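User: I am new to this structure. Please walk me through its salt bridges.

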Amino acid sequence: MNKLDEWRALLSEHGTDEVVTKALVRDVRLPGGAGTMALITLDNGFDHTKPNTFGPHGLFALNGALSEIAARTDLAAVGVTGKPFIFAVGADLKGVTAVTGREQAQAIGELGHHVFRRLAELPIPSFAFVNGAAMGGGLELALHCDYRTISAGVPAVALPECFLGLVPGWGGTQLLPRLIGPANAIKLIIENPLSQNRMIKGPAAFELGVADAMFEPADFLEESLRWAAKVIGGEVTVTRPERHDGWAKAVADARFLVDMKLRGAAPAPYRALDLIARAETASPDEGFAAEDAALADLLMGDELRAGLYSFDLVQRRAKRPAGAPDASLARKVTKVGIVGAGLMASQMALLFARRLEVPVVLTDLDQARLDKGVAYVHDEVGKLLAKGRITADQANRLTSLVTGSLTKDAFADADFVIEAVFEDLAVKRQVFREVEAVVARTAVLATNTSSLSLTEMGEGLAHPERLVGFHFFNPVAVMPLLEIIRGATTDDATLATAFAVGKSLKKSSVLVKDAPAFVVNRLLTRFMGEVVAAVDEGTPLEVAEHALDGLGLPMTPFALLQLVGPAVGLHVSETLHAAFPDRYGLSEGLAKLVAAGKPGVYLPDLTLDQEAVALFTGGGSPSTAEQVRERVLAALAEEIRIMLDEGVVAAAQDIDLCMILGAGWPFHLGGITPYLDRAGISRPRFLAPGVASVTA
């Protein structure tokens, strides 16, 4: 039995539900008498909403096409392109659950390498014409070709494997660093995936050297074929700079950054770094074999399953919010009003103007604050223009859309008015009474409150049914989560409008019941409360601060406190203490920190401010790091169970989604609820009697 037969036998049960991407071959006469090219078009038979992927059957189909091409003697070249808007987006991850043993996992890596490298080993030149999205294995397929062109309209080029708990396993860690240099390759393979799975566009990929030529979308294939003919005919010579300098330093610097971000909690980025380091000296056979081994190990690990659960949440559940009313009930929004002109309000104004492309008017108490808020928006527009992210015409339009007014009369024709003022219930009530007096009957009133009761806020309004919670996270432009809160009287039309606006803003919206601090702030406050309480009791701050490092959270507890501000943290904890005094305590140390006017426990150079640390000393019952960790996880499990019993969200998946998108809960851990179940935080030790798990 040859290798292909072995792989076919091992993977016979794998990918039975695979949507097979076919390799359709046609002959193309190249311009200028350069000969005939066998052009392979990757196509799974669906439109761009179901991208081309590679499962075992798709790989065997591509291998068959390459075998037919290899047998011919009349060809000048081979080319590979994709169906409209899509090149290929990598492996078919739906088949992961069918992988039941390491031998199967190894076979997947070996099969992909075998098929892809045939492009590089053909006796004729090979060209990848990247006409659309190229991710994961799709980009790796292109890397195996001798030459690459890319469309200027390509929306996404990426190697997202580390984001999910894998490594690029079909040549990416070996070929890309040699092509564009180790530092640039590390950005695509590790840094971008760990930065909310950031992707780059066609022009950026061309600038990095991923492609040899770039053409406009309208005639991309024609121009690519014309360029390929010139390469074959010798009219165009492709030269690529040597990019091997600083290999060890690039890997070492990246390892330091990964340690800072993950603190060893996720294996995939470290395996990827090891493979990139090996690529400097390894032969293709050695490098590809190492990728096969890494892929096999990671395919059998928990991290991938957890990452796929997270991926499913943000790709599917986030796009179909549970409990959202019929979208047809949503009212049209042609103008937005924002009460307040501080930093949060100004960020919101820019986002509304960019995404909704409607007039946005800010109000505040005095001209100086108002001018500052509007100026912030205009400055940010200028930065977008300078970076080439918008055109001059777009910049002028955005600048004209955002204005300020000292009176709320400017909201008279607004369809959506949101407040972003101080977190004080009386202040917000007064704001909405003033706004309601001037807006139309159908205008939606929204609050960006992070913890206060929506229902109490609406008391005294003539029409409280049009009040809705619309809770952004800071920074507004970056954080993808939007908690949409339904008060006791919020009607379906108001709620539907809020969800429609959230979708237009390109946010992932989750419906939340009107409960203290909603989801993210409630859990983060419980989390912080337990850590700070341990310090108040006598645990050294450094011990408590790093007790949960093994989870790979985006930042440590006291660093998070410094980011949000001790005064804000104290205010939210007071709100939750009033609601749930048995579970949310008040920290004497935190109150002292706020009274002292300290911004946190860290100095600007990120060393501890010993004066601030001293404010927390005095307790006589210190805990170990393990005890702090167990205490925090138990508290989170208890709080989530209570929230689910209270119906704060529709299901545990919504809490997972909120924590991933709003709190930076690590993707590699999966959602917080399955992680707590896996960690054994369950009945009878931590949860209510009769409850088997956090999510049961």
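User: How many salt bridges are there?

Analyst: This is a predicted model, and side-chain atom pairs count only at pLDDT 80 or more. A pair qualifies when a side-chain nitrogen of Lys or Arg is within 4 Å of a carboxyl oxygen of Asp or Glu. By this rule the count is 37.

User: Which residue forms a salt bridge with Arg226?

Analyst: The partner sits in helix H9 (residues 220-233), as Arg226 does, three residues apart. That is a separation of about one helical turn. Arg226 is partly exposed, at 36% relative accessible area. The closest N and O atoms are 2.6 Å apart, and the partner is Glu223.

User: How many residues apart in sequence are the parts that Glu639 and Arg522 tie together?

Analyst: Glu639 and Arg522 form a salt bridge, with their closest N and O atoms 2.9 Å apart. Glu639 belongs to helix H26 (residues 625-646) and Arg522 to helix H20 (residues 520-536), so the bridge links parts separated in sequence by 117 residues.

User: Are Glu639 and Arg522 buried or exposed?

Analyst: Buried means under 20% relative accessible area. Glu639 meets that description, and so does Arg522: both are buried.

User: What is the relative accessible area of Lys598?

Analyst: Lys598 pairs with Asp609 in a salt bridge of 3.0 Å, N to O. Both lie in the loop between helix H24 (588-595) and helix H25 (610-614), so the bridge ties parts 11 residues apart in sequence. Asp609 is buried, at 9%. Lys598 is buried too, with a relative accessible area of 19%.

How values were computed
Residues numbered from 1 in each chain as written. Predicted model: local features only at pLDDT ≥ 70, side-chain atom pairs only at ≥ 80, totals over all residues. Heavy atoms only, no water. Helix = DSSP H or I, 4+ residues; strand = E, 2+ residues; numbered from the N terminus. Buried < 20%, exposed > 50% of the residue type's maximum accessible area, 1.4 Å probe, protein only.
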